[in-house]
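Biologist: Got a minute to go through this one with me? I'd like to start with a helix and then look at the empty spaces.

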Amino acid sequence: MSKELDDVTDSFDPRVHRARADELAGRVIAITGASDGLGRAVALACAQHRASVVLVGRNENKLEAVHAQIAAGGGPEAAIGVLDLERALAADYDRLASALAERYGRLDGLLHNAGLLGTLSPIEHYDVPTWCRVLHVNLTAAFALTQVLLPLLKKSPDASVVFTSSSVGRRGRAYWGAYAVAKFALEGLSQVLADELEGTSAIRVNTLNPGRARTAMRRQAYPAEDAASVPLPATLTGPYVALLGPASRGVTGRAFDAQAPAPAAVSAAASAESSSRSSSDPSSRA
């Protein structure tokens with residue numbers, strides 16, 4: 001890669017990209033968790049930018065409602081792939097891959113957005129079966145789906161895999177348990193996969209932390225929060241479109257944020273860093 005291209009990819013920020021109306025024209029993009037929340041919003045945005053969207057989720061009725069909304073918008077016809085990530089067997093993954101291969105022959109984008117929060121609890125008291133469920137849905141299922149769809153992604157001249165991350169998957173916080181651990185592992189999976197595919201395929205792999213979003217999962221985690229103060233999912237789709245489309249060509253192995261950190265979070269991070277420096281300085285100790 002040339003130094004000029006290195007400089008472009010190093011400075012790439014999906015938050016500032018402004019997508020054209022036909023940004024995703026001709027692309028086939030599969031999105032998990034597409035029936036509701038952020039996944040639904042991104043699916044609608046991709047369709048608005050002319051992508052053929054594959055709606056993946058466990059609730060067929062909700063998926064059909066999103067499909068109907070896309071059809072009403074006049075975009076390319078969407079497809080539905082019913083897949084329960086908690087209970088799916090190998091044959092279910094293979095069936096979805098075969099259906100996509102038969103219909104499209106390739107896959108240009110894969111967004112892992114489906115997730116399970118589990119419970120907020122101290123590690124000392126975390127329920128083991130819940131731990132296993134959360135790790136399976138958030139991590140193992142994402143690995144399995146990526147693996148089975150890699151042959152289709154390799155047939156694309158410009159493919160993108162995006163894992164939806166979280167701030168607690170980049171710096172652990174008390175009580176977030178299996179959810180935080182799974183998100184940390186997704187960051188690692190993304191880096192490993194990006195390194196394996198770079199230079200051997202046209203597939204790029206990145207993570208994106210959406211930040212605060214007005215979703216059911218957010219309400220579960222923060223029941224006392226004023227929902228009106230939290231951004232709607234539809235306002236956060238731009239960075240996803242940028243990463244799934246041609247704007248991010250050549251950008252791989254990176255971790256991005258959809259929103260700038262809140263001032264309070266920046267202040268807390270700076271305070272923590274200052275405290276860490278002070279505690280490591282012998283002159284500060286008694």
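**Helix first, then the spaces**

Modeller: Sure. R95 and E102 are exposed on the other side of α4, away from its buried residues. Keep in mind that this is a predicted model.

Biologist: OK, and which residues of α4 are buried?

Modeller: Y93, L96, A97 and L100 are the buried ones.

Biologist: How wide an arc do they cover around the axis?

Modeller: Only 95°, which puts them on the same side of α4. As background, an α-helix has 3.6 residues a turn, so residues three or four places apart point the same way.

Biologist: What does α4 reach from its first C-alpha to its last?

Modeller: Helix α4 runs over residues 90-103, 14 residues in total, and reaches 20 Å. That is close to the 20 Å expected at 1.5 Å a residue.

Biologist: Switching topic. How many cavities of 30 Å³ or more are there?

Modeller: The count is one. The largest cavity has a volume of about 70 Å³.

Biologist: Which elements give two or more residues to its lining?

Modeller: Those are α5 (128-154) and α6 (177-197). The biggest share comes from α5, with four residues.

Biologist: And what else sits in that lining?

Modeller: Among the lining residues of the largest cavity are T32, L85, H112, N113, T164 and K183. By class, the lining divides into six nonpolar, five polar and one charged.

Biologist: Now the pockets. How much space lies in the second largest one?

Modeller: About 200 Å³. The second largest pocket is lined by 12 residues, and the closest to its centre are S201, A202, I203, R204 and G250.

Biologist: How does that lining split by class?

Modeller: The lining of the second largest pocket has four nonpolar, four polar and four charged residues.

Biologist: Let's stay with R204. Where is it placed?

Modeller: R204 is in strand β6, which covers residues 203-209.

Biologist: Is R204 buried or exposed?

Modeller: R204 has a relative accessible area of 3%, so it counts as buried, the cut-off being under 20%.

Biologist: Which side chain does the R204 side chain make a polar contact with?

Modeller: That of S248, at 2.8 Å. A polar atom of the R204 side chain also lies 2.5 Å from the backbone oxygen of G245.

Biologist: Nice, so I'll look at R204 with G245 and S248 on screen.

Terms used: Residues numbered from 1 in each chain as written. Predicted model: local features only at pLDDT ≥ 70, side-chain atom pairs only at ≥ 80, totals over all residues. Heavy atoms only, no water. Buried < 20%, exposed > 50% of the residue type's maximum accessible area, 1.4 Å probe, protein only. Polar contact = N/O pair within 3.5 Å; in protein donor to acceptor, adjacent residues only side chain to side chain. 1 Å grid on protein atoms, 1.4 Å probe; cavity = no way out; pocket = protein on both sides within 12 Å on 5 of 7 lines; lining within 4 Å. Points joined across faces, edges and corners; volume = space filled by probe spheres on them. Nonpolar A, V, L, I, M, F, W, Y, C, P; charged D, E, K, R; others polar. Expected span 1.5 Å × (residues − 1). Arc of directions from axis to C-beta.
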